[in-house]
Amino acid sequence: MNCHQNLAEKENLKKEESAESSEEDFAVEYPKAPDFSLSDREGRAVTLSDFKGKLVYMDIWATWCGPCRQQFPALRAIEEKYKNKGIVFLSISVDPDHLKPQWEKMIDEEQLKGVQLFAGKTSGFDEAYGVEFIPRFLLISPQGDILMDQAPFPMDHQSGEINPHLEEIFQLYINTK
């Protein structure tokens with residue numbers, strides 16, 4: 001055996017080892033989303049684990065936040081388009097506790113759909129999710145992992161329409177179920 005054959009054999013062996021370990025090399029571990037118990041409008045306790053098995057698109061917002069409200073039309077449109085597709089649209093208000101009546105009023109005025117929850121400032125939600133700014137959108141897997149802690153906004157800021165990047169993500173999820 002000459003040295004060229006030996007090198008070729010070593011290269012083939014490396015390729016085989018590489019192919020075998022490639023799945024492991026690309027395995028990604030996502031952080032678990034902190035579970036919570038927050039009240040909906042009727043005062044019922046809702047937890048994140050209630051949605052296990054579904055993709056969760058989480059919107060963190062407040063009534064006083066203009067950029068949050070700017071997302072509402074696109075959010076309503078995308079919720080309508082993807083209802084009954086195994087995606088939960090979860091909106092969580094981080095308004096101060098004394099603004100809860102304004103939150104309830106805004107749900108009606110803006111015809112907000114999806115699951116509407118109130119975190120307020122005393123629930124610990126802000127700290128658990130590291131909320132430093134709003135609006136903020138997260139994507140949580142059916143297994144409860146945070147897939148994206150800065151998910152695309154519902155509205156594409158250039159067109160004012162539904163964000164095509166978000167639609168691509170939703171379509172990918174639907175097509176792989």
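**A buried arginine, two cores and a set of salt bridges**

A polar atom of the Arg136 side chain lies 3.2 Å from the backbone oxygen of Asp149. The model in which this pair is found is predicted, and the distances given here are computed from its atoms. A second backbone oxygen, that of Gly130, lies 3.4 Å from a polar atom of the same Arg136 side chain. Arg136 belongs to strand 6, which covers residues 136-140, and the residue is buried although it has no salt bridge. The nearest side chain of opposite charge is that of Asp149, at 4.2 Å, and since a salt bridge requires a side-chain nitrogen within 4 Å of a carboxyl oxygen, this pair does not qualify as one. Asp149 therefore appears twice in the surroundings of Arg136, through a backbone oxygen at 3.2 Å and through a side chain that lies beyond the 4 Å limit. When neighbours within four places in sequence are left aside, Arg136 is in contact with Met58, Asp59, Ile60, Tyr129, Gly130, Val131, Asp149 and Gln150.

To place this residue in the whole, it helps to follow the chain from its start. Six helices and seven strands make up its secondary structure, and from the N terminus on they are arranged in the order α-β-β-β-α-α-β-α-β-α-β-β-α. Of the contacts in the chain with a separation of 6 or more, 70% are between residues 24 or more positions apart. The chain has 177 residues, of which 41% are buried, and its accessible surface comes to about 10600 Å², with 51% of that area belonging to carbon and sulfur atoms.

The interior can be described next. In soluble globular proteins, nonpolar side chains tend to be buried together. Here the largest nonpolar core holds 32 residues, and the members that touch the most others are Phe36, Met58, Leu90, Ile92, Phe125 and Tyr129. Two or more residues of this core come from each of strand 3 (55-61), strand 4 (87-93), helix 4 (100-109), strand 5 (115-118), helix 5 (125-129) and strand 6, and strand 3 gives the most, with four residues. Two of the highly connected members, Met58 and Tyr129, are also among the contacts of Arg136. Leu90 offers another view of the same core, for, not counting residues up to four places away in sequence, it touches Phe36, Leu48, Phe51, Val56, Tyr57, Met58, Asp59, Val115 and Leu117. Apart from the largest core lies another one of 14 residues, which includes Phe137, Leu139, Ala151 and Tyr173.

A second buried charged residue, Asp95, is found in the loop between strand 4 and helix 4. Its relative accessibility is 0%, so it counts as buried. The side chain of Asp95 makes polar contacts with two other side chains, that of Ser93 at 2.8 Å and that of Trp64 at 3.4 Å. Trp64 is 31 residues away from Asp95 along the chain, yet their C-alpha atoms are separated by 7.9 Å. Not counting residues up to four places away in sequence, Asp95 touches Trp61, Ala62, Thr63, Trp64, Trp103, Phe118, Gly120 and Lys121.

Lys121, one of these contacts of Asp95, leads to the salt bridges, of which the structure holds ten. Lys121 is paired with Asp126, the closest N and O atoms being 3.3 Å apart. The partners differ in exposure, because Asp126 has a relative accessible area of 15% and is buried, whereas Lys121, at 43% relative accessibility, counts as partly exposed.

The salt bridge between Lys81 and Glu167 has its closest N and O atoms 2.5 Å apart. Lys81 lies in helix 3 (residues 72-81) and Glu167 in helix 6 (residues 164-175), so this pair ties together parts that are 86 residues apart in sequence. Here too a partly exposed lysine meets a buried acid, since Lys81 has a relative accessibility of 46% and Glu167 a relative accessible area of 17%.

Finally, Arg44 and Asp40 form a salt bridge in which the closest N and O atoms are 3.0 Å apart. Asp40 counts as buried, at 9% relative accessibility, and it is linked with Glu42 and Arg44 in a network of salt bridges.

Conventions:
Residues numbered from 1 in each chain as written. Predicted model: local features only at pLDDT ≥ 70, side-chain atom pairs only at ≥ 80, totals over all residues. Heavy atoms only, no water. Buried < 20%, exposed > 50% of the residue type's maximum accessible area, 1.4 Å probe, protein only. Contact = heavy atoms within 4.5 Å. Areas by Shrake-Rupley, 256 points an atom, 1.4 Å probe, with all protein chains shown as cover. Lys, Arg positive; Asp, Glu negative; His and termini not counted. Polar contact = N/O pair within 3.5 Å; in protein donor to acceptor, adjacent residues only side chain to side chain. Core = buried A, V, L, I, M, F, W, Y, C linked by side-chain atoms within 4.5 Å.
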